[in-house]
Amino acid sequence: MKLIWKLLRQHLSIGQFVGFFFANLFGMLIVLLSLQFYEDIIPAFSGEDGVMKNTYMIVSKSISAASTLGGEAQAFTETDVREFEQQSFARRVGLFTASQYQVYGSLSMGGMGMGTDMFFESVPDDFVDSKWPEDFTAARAESLDLSSLNEVPIILPRSYLAIYNFGFAQTKNLPKLSEGVVSMIQLDLRLRGEGGVERSLKGRVVGFSTRLNTVLVPQAFMQASNKALAPASQAAPTRLIVEVNNPADDAIATFIQDHGYELEDNSLEAGRATYFLKVVAGIIMAVGLLISALSFYILMLSIYLLVQKNAEKLQNLRLIGYSPARISLPYQLLTIGMNALVLLLSFVLVFWIRGLYLERLWQMFPQLSEGAVTNTILLGFALFILVSFFNIIAIRRKINHL
Amino acid sequence: MNTITLHHTLPCVFAQRTDIHSDLWQHEVQLERGHLYLIEAASGTGKSSLCSYLIGYRNDYEGRIAFDERDIRTLRTFEWTCIRKHSLSYMFQELRLFPELTAWENVQIKNQLTGFKSETEINAYFEALGIAERRDTKVGRMSFGQQQRVALIRSLCQPFDFMLADEPVSHLDNANSEIMGELMMEEARRQGAGVIVTSIGHHMELPYEKVFKL
């Protein structure tokens, strides 16, 4: 092997291999770094309600002066919903169900009492970005009996708590409440349905939602309570929650505008930012891959040139009984060695650079959790294996064809 | 491998010629293991072509060449590798040594592949052929005659059924050519192998059993 290498390293151009080495290094570095940066930054945009994975929009019909006066229907008909479901951008559509009875909620805290008329809404469980207690999931809907129920779980919009803490409590010198404290408070609820039927029960806040801007109760409870308290009225949905594939899809804006619908909250903005980030990361990664591909070409050309220059030696080795596999081996080991070195160095550089930008990111988003590095490492190894595999095949073919 | 057979073989370049008077071309010829043959050729009669066909380097011929009835056109790459390593030793006319390696390394590059000869045996060959002191000289700096001797040692470092020596002594004096002949025949006898020597004039004095005029 030593002798073979002594022979075959003749005409090896250091310049070309250094060129390949750096080209490959930059390509690999850009690919891995863009992925790692994407993984690290995306939690800052998505947060725990998972805008990144799923983007939700809440759609209602617009309310205009004319519709207010004319008493135009604000509810979505079955046809409207079906039409929505058929759109290519919509992954799934959920209906908001409103309570068909009156709700009066009151709260007593340290001798102070507050009470208000309120309402409930519900959406299908898998659209809720918080968990319902086990007994209230859709699967238990059948066994839910309103008459024996003492307590109902409620999910409030996270913004309500913010309004209370930073608006109301601040000005009235009331104590600020954390999410944990709120969940310990019990609400007294009085439900009043058709024909004066009344039910009293307790309400407990079990979670907060960033996605849904309403007082949410479990879908199972809503169905049971509507049935028990307002059997005659038909609940038509006035709002829809739609999970979309790609929030920046032009079709969404066009569809919404054409049908005179309105979008609530800015989930679309967050989604757009994520999408934009995805696109940018994708473009950078594509550039990295392109550089990697070009560096692969440089390496292949260098090896071809080397094989061509050493053609006579390789030929002679073949004629004295060396197999193509055996004489390909030194060049294959050379390329694998270089690729491995590039991979290792890329990892070192990626993690070094990551250390630098993570510090900055943490200054901007202190709660930001670190993204995973597994994907970057896997991608690095995948690229290494792919490139080395093609190198090995190409060298072997070239030598076979001598 | 026990036989090498040529069935009406003719190099493609001779296809148009009508004046071919050869003992080999366009004949049915069988070369057998354990025998000694001389192929005498004038320039341009296709000697180098014949050798290239037998080592699997070229196949631009008509007719058929077979090793033990196996048409050599059908041999696959790994089979050729095997034949060159274990069955057919070839001392090239153009030697095909590696000028950047020393005489010793040139022999070792073959012997490491086959593991056939011990260092002592190889040293003895260098001694016998009078090039012991040039052992560590780069082959590129040796005379052609010395290189021929290195090439012979290399060709002896493998098991073989046939030894094909293409003008092995073209640049050697009689004394050296006699030693080379002896070493070659000794190894061939030991292995029970056939020997095919080619020459265009000056050739080893050996007890040839059959002489072909190409």
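The following exercises treat a sheet and the nonpolar cores of a predicted model.

**Exercise 1. The sheet in chain A**

Determine the strand order of the five-stranded sheet in chain A and identify which strands are its edge strands.

*Solution.* Begin with the order: the strands of chain A run S5-S4-S8-S9-S7, and the sheet is open with mixed pairing. Next, look for strands that pair on one side only; these are S5 (112-118) and S7 (151-157) of chain A, which are therefore the edge strands under the pairing criterion of at least two bridges. From one strand to the next, the twist averages 30°.

**Exercise 2. One strand pair and a packed helix**

Establish how S4 and S8 of chain A run relative to each other, and state which strands helix H5 of chain A touches.

*Solution.* Strand S4 (residues 102-109) and strand S8 (residues 186-192) of chain A are antiparallel and are joined by five bridges. Within S4, Tyr104(A) lies opposite Arg190(A) of S8(A). Turning to the helix, H5 (residues 158-172) of chain A packs on the sheet and contacts S7 and S9 (198-209) of chain A. The directions of H5 and S7(A) make an angle of about 75°.

**Exercise 3. The nonpolar cores**

Find the residues with the most contacts inside the largest nonpolar core, and list what Val195(B) touches.

*Solution.* The largest core has 90 residues, and Met163(B), Leu164(B) and Val195(B) have the most contacts inside it. Helix H2 (residues 14-46) of chain A gives the most to this core, namely 12 residues. Leaving aside residues up to four places away in sequence, Val195(B) touches Leu36(B), Tyr37(B), Met163(B), Ala165(B), Met184(B), Met185(B) and Ala188(B). A second, separate core has 36 residues, including Val93(A), Leu95(A), Val205(A) and Val215(A).

Definitions and conventions
Residues are numbered from 1 along each chain as its sequence is written. Chains are lettered from A and ligands numbered from 1 in the order in which they are written. This is a predicted model: local features need pLDDT of at least 70, side-chain atom pairs count only at pLDDT 80 or more; totals for chains, interfaces and linings use all residues. Helices (H or I, at least four residues) and strands (E, at least two) are DSSP runs, numbered from the N terminus. Axes are lines fitted to C-alpha atoms, for helices over the stretch in contact, and angles run from 0 to 180 degrees between N-to-C directions. Two residues are in contact if their C-beta atoms, placed from the backbone, lie within 7 Å. A nonpolar core is a set of buried Ala, Val, Leu, Ile, Met, Phe, Trp, Tyr and Cys residues joined through C-beta atoms within 7 Å. A residue is buried if 20 or more other C-beta atoms lie within 10 Å of its own, exposed if 12 or fewer, and partly exposed in between; C-beta atoms are placed from the backbone.
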